[in-house]
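Trainee: Hi, could you walk me through this one? I'd like to start with the cysteines and then look around.

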Amino acid sequence: MSGVGSGYDLSVTTFSPEGRVFQVEYAGKATDNGVPCVGVCCKDGAILAVEKPEETKMMLPQSNRRIFTVSRHCGMAVPGKLPDGRQIVSRAHQEAEQYKRFYGETIPTKVLCDRLANFCHVFSLYWSLRPLGSAALTASFDDQGPHIYLSETNGVSYRYYGIAVGKGRQGIKTELERLKLGEMTTREALKVVCKCLMRQRDESSNKKYEIELAWISEETGREFQRVPEDLAKQTVEDAKKEIEQEDSDSDMEA
Amino acid sequence: MMNKKSQEEVLTGTTIMACTYEGGVVLGADSRTSSGSYVANRAADKITKCCDRVYLCRSGSAAHTQAVAGYANLYLNQHAVELGQKGCSVKTAANIVKEIAYTNKQWMNAGMIVAGWDAKNKGKVFVIPMGGTLMDVPFAVGGSGSIYINAFVDRNWKPEMTKDECKAFVRKAVSLAISRDGSSGGVVRTVTVDEHEEVKEFVPGNEVPVYQDEIRSTGGVPKVEFVPVP
């Protein structure tokens with residue numbers, strides 16, 4: 001894509017003759033080339049999953065967190081640039097808290113995600129700022145049921161049955177479309193989502209990776225929580241085994 | 001806290017109340033606005049709409065409570081637009097009124113009752129006395145006349161009344177307060193809010209029951225013809 005901007009991509013306050021703002025599109029690339037993140041809505045809740053490569057052997061596992069709790073009923077995964085994403089999470093904390101203080105009720109997810117999208121958009125209006133290189137993949141459970149929202153750096157915010165961002169998202173999305181997520185419970189969907197994520201990995205690569213899982217459902221009392229460690233470990237291992245099984249089956253058929 | 005200046009200020013020495021019944025709420029108030037011993041308005045409306053299906057009963061300084069009602073209306077309208085809904089929950093309206101009352105407690109003289117109906121929690125009454133506490137209650141009374149009817153209301157409110165029972169109860173309570181409190185009088189206004197409608201009614205002055213052999217008024221509230229300005 002380099003070279004296409006030619007002159008119209010030097011500042012976020014410049015439009016190209018076709019009406020594109022290249023800096024915002026380039027910021028989107030930070031998310032597109034970042035760690036794969038998946039969010040799905042199930043019958044009784046929602047799940048977030050992030051696949052992170054192990055950066056260095058010397059780092060403690062699970063210390064490089066990408067999923068954050070915004071409030072009791074809401075959490076967020078952060079693809080792309082982690083520091084930029086933490087700005088969004090921090091803003092989400094404030095929005096949720098101030099809303100509760102002023103209106104006496106927990107912030108509806110639609111309101112929160114629209115406000116976050118507006119927040120991201122503001123960075124594309126001023127020459128002195130740069131757009132954020134991350135997005136907010138939000139999972140929540142409010143009066144309207146479970147939600148998955150993606151608030152992107154260009155300022156749009158949409159609600160999804162299931163969505164993937166980052167490397168390999170096209171493949172993950174294709175797999176998600178085949179599933180009947182609305183008929184699964186979050187427990188059932190955990191393994192399925194892991195499999196979707198893991199199948200997109202480059203099989204030849206032997207790099208270690210870690211899958212971060214979080215959920216919110218009727219089972220968790222509508223509270224956003226990390227999936228308990230032993231369950232998460234078990235789920236990832238089961239998913240790995242099943243993928244190997246399916247691969248060897250398909251090899252045999254061939 | 002009452003200095004000479006506040007005697008000149010227009011006050012709603014008042015009786016206000018609200019109570020829940022099976023399926024909604026009834027708000028009630030008298031209609032006397034007094035400035036010292038002068039009755040500035042004998043047919044005031046102390047029950048103000050905050051947003052769809054949510055009303056506010058005002059007691060204390062007329063100016064303060066009208067300002068609070070104005071702000072509540074503003075914030076609730078904006079809130080409804082952000083939510084994409086027609087109205088707001090009673091809890092939200094009450095919280096906003098409480099925030100204003102509490103933040104400005106040094107300068108304010110206002111006791112208010114927020115009551116209404118919303119889809120999630122049905123009929124709700126919240127009372128915000130002077131100082132800015134917020135309390136979720138099944139019924140509440142306020143204003144200078146309320147002290148005379150506290151025991152009556154405590155004794156006679158029952159849960160799951162019908163709409164007509166509740167209206168009669170509110171009217172009786174307010175008229176009892178009017179008969180003892182010099183700062184309350186005029187007509188007995190009621191607003192009944194439920195899922196389907198908001199009904200504003202009033203009992204004219206000559207029909208308000210009397211309890212102490214008072215001489216009944218014969219004139220009642222005069223009919224006022226509205227003449228459009230040419």
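**Cysteines, salt bridges and surface**

Mentor: Happy to. This is a predicted model, and it holds zero disulfides over all chains.

Trainee: Why is there no bond at Cys51(B)?

Mentor: The closest cysteine sulfur is in Cys88(B), 4.5 Å away, which is too far for a bond because a disulfide needs the two sulfurs within 2.5 Å. Cys51(B) is also buried, at 6% relative accessibility.

Trainee: And what about Cys166(B), how far is the nearest cysteine sulfur?

Mentor: That sulfur belongs to Cys19(B) and sits 3.3 Å away, and Cys166(B) is in no disulfide. Cys166(B) is buried, with a relative accessible area of 0%.

Trainee: Switching topic: how many salt bridges are there over all chains?

Mentor: A search of the whole structure gives 32. One example is Asp114(A) with Lys110(A), whose closest N and O atoms are 2.9 Å apart.

Trainee: Where do those two lie?

Mentor: Both are in helix H3 of chain A, four residues apart, about one turn of the helix. An α-helix has 3.6 residues a turn, so residues three or four places apart point the same way. Asp114(A) is partly exposed at 28%, and Lys110(A) is partly exposed at 44%.

Trainee: Which chains does the salt bridge of Lys120(B) and Asp143(A) join?

Mentor: Lys120(B) is in the loop between strands E8 and E9 of chain B, while Asp143(A) is in the loop between E5 and E6 of chain A, so the pair joins two chains. The N to O distance is 3.5 Å, and both residues are exposed.

Trainee: What does the pair Asp52(B) and Lys86(B) link?

Mentor: Distant parts of the chain, 34 residues apart: Asp52(B) is in the loop between strands E6 and E7 of chain B, and Lys86(B) is in the loop between helices H2 and H3 of chain B. Their side chains meet at 3.7 Å, N to O. Asp52(B) is partly exposed at 23%, whereas Lys86(B) is exposed at 70%.

Trainee: Which residues form a nonpolar patch on the surface?

Mentor: Val122(A), Leu125(A), Tyr126(A) and Leu129(A), with about 340 Å² of accessible area together. Tyr126(A) is in the loop between helix H3 and strand E5 of chain A and is partly exposed at 45%.

Trainee: Last one: what is the average pLDDT of chain B?

Mentor: It averages 91, and 91% of the residues score at least 70. Among the elements of chain B, helix H1 has the lowest mean, 52, and strand E3 the highest, 98. The model scores ipTM 0.83 and pTM 0.87.

Notes
Residues numbered from 1 in each chain as written. Chains lettered and ligands numbered in written order. Predicted model: local features only at pLDDT ≥ 70, side-chain atom pairs only at ≥ 80, totals over all residues. Heavy atoms only, no water. Buried < 20%, exposed > 50% of the residue type's maximum accessible area, 1.4 Å probe, protein only. Patch = residues over 30% accessible without salt bridge, like charges linked within 9 Å, V, L, I, M, F, W, Y side chains within 5 Å. Areas by Shrake-Rupley, 256 points an atom, 1.4 Å probe, with all protein chains shown as cover. Salt bridge = Lys/Arg side-chain N within 4 Å of Asp/Glu carboxyl O. pLDDT = per-residue confidence, 0-100.
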